[in-house]
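Here's a quick look at a few local details worth checking by eye. Have the viewer open while you read.

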Amino acid sequence: MVNGMDNRKAKAFQIEPSDNVATALTAVPKGRFVLLGGGREGLFDAAEDIPQGHKVALCPVKKGEAVIKYGVPIGEATEDIIAGQWVHLHCMKSGYDERSSGLDIHTGVPSDIAYTGT
């Protein structure tokens, strides 16, 4: 048990063998989890807690290198990423949404504009 969760139930899925990230199918607490798909099936280590639906790095990704999912680059690392790290807007920028770096990493709310809430 890690963080009150049995990590054998924590799972992530690698879509394509060339992907350098996998998607958390469940919340993945720091520690060992089950990696499925992509030809790398087995146990893998998360360096930190990974929220369900988010990406976990399967190998180191250097700043400026492509983050690959679905077999295609989906963005670029904005800092060095270690294997097992949570990969999200705090360490990568989207190749599809130029505003992604202005979104809160937990809520997705834009942080680069004022919201008045009318």
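What follows covers a hairpin, a lysine and the cysteines.

## The β6/β7 hairpin

Keep in mind that this is a predicted model. Strand β6 covers residues 66-69, and strand β7 runs over residues 72-77. The two strands pair in the antiparallel sense, with four bridges between them. One of the contacts to look for is Lys69, whose bridge partner in β7 is Val72. The hairpin has two residues between its strands, and Tyr70 has a positive phi there, near 65 degrees.

Side chains in a regular strand alternate between the two faces of the sheet. You can see that pattern in β6: Val67 and Lys69 point to one face and are buried, whereas Ala66 and Ile68 point to the other and are not buried.

## A buried lysine without a partner

Now for Lys55, which sits in strand β5 (residues 55-57). What is the nearest side chain of opposite charge to Lys55? That would be Asp19, 11 Å away, and Lys55 has no salt bridge despite being buried.

As for what surrounds Lys55, its contacts beyond four places in sequence include Val21, Ala22, Ile50, Ile74, Trp86, Val87 and Met92. Lys69, from the hairpin strand β6, also touches Lys55, as do Gln85 and His88.

## The cysteines

How many disulfides does a search of the whole structure find? Zero. As for exposure, Cys59 is partly exposed, at 24% relative accessible area, while Cys91 is buried, at 0% relative accessibility.

Methods
Residues are numbered from 1 along each chain as its sequence is written. This is a predicted model: local features need pLDDT of at least 70, side-chain atom pairs count only at pLDDT 80 or more; totals for chains, interfaces and linings use all residues. Side-chain values use heavy atoms; hydrogens and water are left out. A disulfide is a pair of cysteine sulfur atoms within 2.5 Å. Buried means under 20% relative accessible area, exposed over 50%, partly exposed in between (1.4 Å probe, protein chains only). Two strands pair if DSSP finds at least two bridges between them. Lys and Arg count as positive and Asp and Glu as negative; His and the chain ends are not counted. A salt bridge is a side-chain nitrogen of Lys or Arg within 4 Å of a carboxyl oxygen of Asp or Glu. Contact means heavy atoms within 4.5 Å.
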